[in-house]
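Welcome, and please open your viewer. We will go from stop to stop, selecting a few residues each time and looking at what surrounds them.

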Amino acid sequence: MKPKLRQMCCLVLAASLLLQAVPATMAQTGQAGGGVLIAVRNELLEARRLLLEESGGKTAQQAIAPLDRAKKLAGGGEFPKAFSGKVDAFRRDLDKARLKVLWNDRDEALAIIDRLLSLLDVSPVKGAPVPTPPPSNPAGNGPGAGVMLGATLLAGLGAIILLFFTGQVSHR
């Protein structure tokens, strides 16, 4: 009777640990295609930073590389799915900003890049609800949520392995 009770307790423990992971996974927020928007935004911010430096035209010319990378990312298949605005107009504006950098027209290039950044900031993912401001206490989607989810899953899997591969919890 004791071995059956131990196995039953171990099974209940494993099930409860695995079921604790369900709310943690449901609390994780993620947007499909959000990664490509963030990558384009980071490239535009890098180009903006380079253009704002007051070290001369040579540093401003280095802003072409981030603009090219942003254009490549915007030309990929995920960007049109994630961006809610007109993708062709966005790409044309990237070309205009690159041309302005080539002609050393910093002010106009900065104005175009700022406009593109504002488009990315207000662009929710297609089909997703408009994002609301984050709560003051991010319950379940803070930096420790992934660690807690992993620890819960690891403990549950360990209990299952202990149950099924040893056949009992202890030898007494």
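A residue counts as buried when its relative accessible area is under 20%, as exposed when that area is over 50%, and as partly exposed in between. Keep those cut-offs at hand as we go, and bear in mind that this is a predicted model.

**The whole chain**

Start with a cartoon view. The protein has 8 helices and 0 strands, so from the N terminus on the elements read α-α-α-α-α-α-α-α. Now colour by accessibility: of the 172 residues, 27% are buried. Look also at how the chain comes back to itself. Among contacts between residues at least 6 apart in sequence, 74% join residues at least 24 apart.

**Stop 1: the nonpolar core**

Select Leu44, Phe79 and Phe90 and show them as spheres. In the largest nonpolar core, which has 28 residues, these three touch the most other members. Helices H2 (34-52), H4, H5 (79-82), H6 and H7 each supply at least two residues of this core. As a general background, nonpolar side chains in soluble globular proteins tend to be buried together.

Now centre on phenylalanine 79. Which residues does phenylalanine 79 contact, leaving aside its neighbours within four places in sequence? The list is Val36, Leu37, Val40, Leu73, Ala74, Val87, Phe90 and Leu120.

**Stop 2: leucine 73**

From that list, pick leucine 73, which lies in helix H4. Is leucine 73 buried or exposed? Its relative accessible area is 30%, which falls between the two cut-offs, so leucine 73 is partly exposed. Not counting residues up to four places away in sequence, leucine 73 touches Val36, Ala39, Val40, Glu43 and Phe79. Try a distance label here: the C-alpha atoms of leucine 73 and valine 40 are separated by 6.4 Å, although the two are 33 residues apart along the chain.

**Stop 3: H4 against H6**

Select helix H4 (residues 64-74) together with H6. Their axes come within 10 Å and cross at roughly 165 degrees. The two helices are therefore roughly antiparallel to each other, and their crossing is left-handed. To see the contact, show Ile64, Leu67, Asp68, Ala70, Lys71 and Ala74 on the H4 side, then Val87, Phe90, Arg91, Leu94, Asp95, Ala97, Arg98, Val101 and Leu102 on the H6 side. Coloured by class, these residues come out as 10 nonpolar, no polar and 5 charged.

**Stop 4: H6 against H7**

Keep H6 (residues 87-102) and add helix H7 (residues 106-121). At what angle do H6 and H7 pack? The angle is about 155 degrees, with the axes 8 Å apart. H6 and H7 are therefore roughly antiparallel, and H6 passes H7 in a left-handed crossing. On H6, highlight Phe90, Asp93, Leu94, Lys96, Ala97, Lys100 and Val101; they meet Glu108, Ala109, Ile112, Ile113, Arg115, Leu116, Leu119 and Leu120 in H7. By class, this contact has 10 nonpolar, no polar and 5 charged residues.

One of the H6 residues here deserves its own click: aspartate 93. Aspartate 93 has a relative accessible area of 11%, so it is buried. Beyond residues up to four places away in sequence, aspartate 93 touches Ile112, Arg115 and Leu116.

**Stop 5: the loop between H6 and H7**

Next, select asparagine 104, which is found in the loop joining H6 to H7. Check its backbone: phi is near 55 degrees, a positive value in a residue other than glycine. With 48% relative accessibility, asparagine 104 counts as partly exposed.

**Stop 6: arginine 48**

Move to helix H2 and select arginine 48. At 30% relative accessibility, arginine 48 is partly exposed. Setting aside residues up to four places away in sequence, arginine 48 touches Leu110, Ile113, Asp114 and Leu117. Add a label to arginine 106 as well: C-alpha to C-alpha, arginine 48 and arginine 106 are 9.6 Å apart, with their positions 58 residues apart in sequence.

**Last stop: isoleucine 160**

Finish in helix H8 (residues 145-166) by selecting isoleucine 160. Its relative accessible area of 25% makes isoleucine 160 partly exposed. Then select leucine 11 too. The C-alpha atoms of isoleucine 160 and leucine 11 are separated by 7.2 Å, while along the chain the two are 149 residues apart.

How values were computed:
Residues numbered from 1 in each chain as written. Predicted model: local features only at pLDDT ≥ 70, side-chain atom pairs only at ≥ 80, totals over all residues. Heavy atoms only, no water. Axes fitted to C-alpha atoms, helices over the stretch in contact; angles between N-to-C directions. Helix = DSSP H or I, 4+ residues; strand = E, 2+ residues; numbered from the N terminus. Parallel < 35°, antiparallel > 145°, perpendicular 65-115°, else oblique. Left-handed = near helix turned anticlockwise from the far one by under 90°. Contact = heavy atoms within 4.5 Å. Nonpolar A, V, L, I, M, F, W, Y, C, P; charged D, E, K, R; others polar. Buried < 20%, exposed > 50% of the residue type's maximum accessible area, 1.4 Å probe, protein only. Core = buried A, V, L, I, M, F, W, Y, C linked by side-chain atoms within 4.5 Å.
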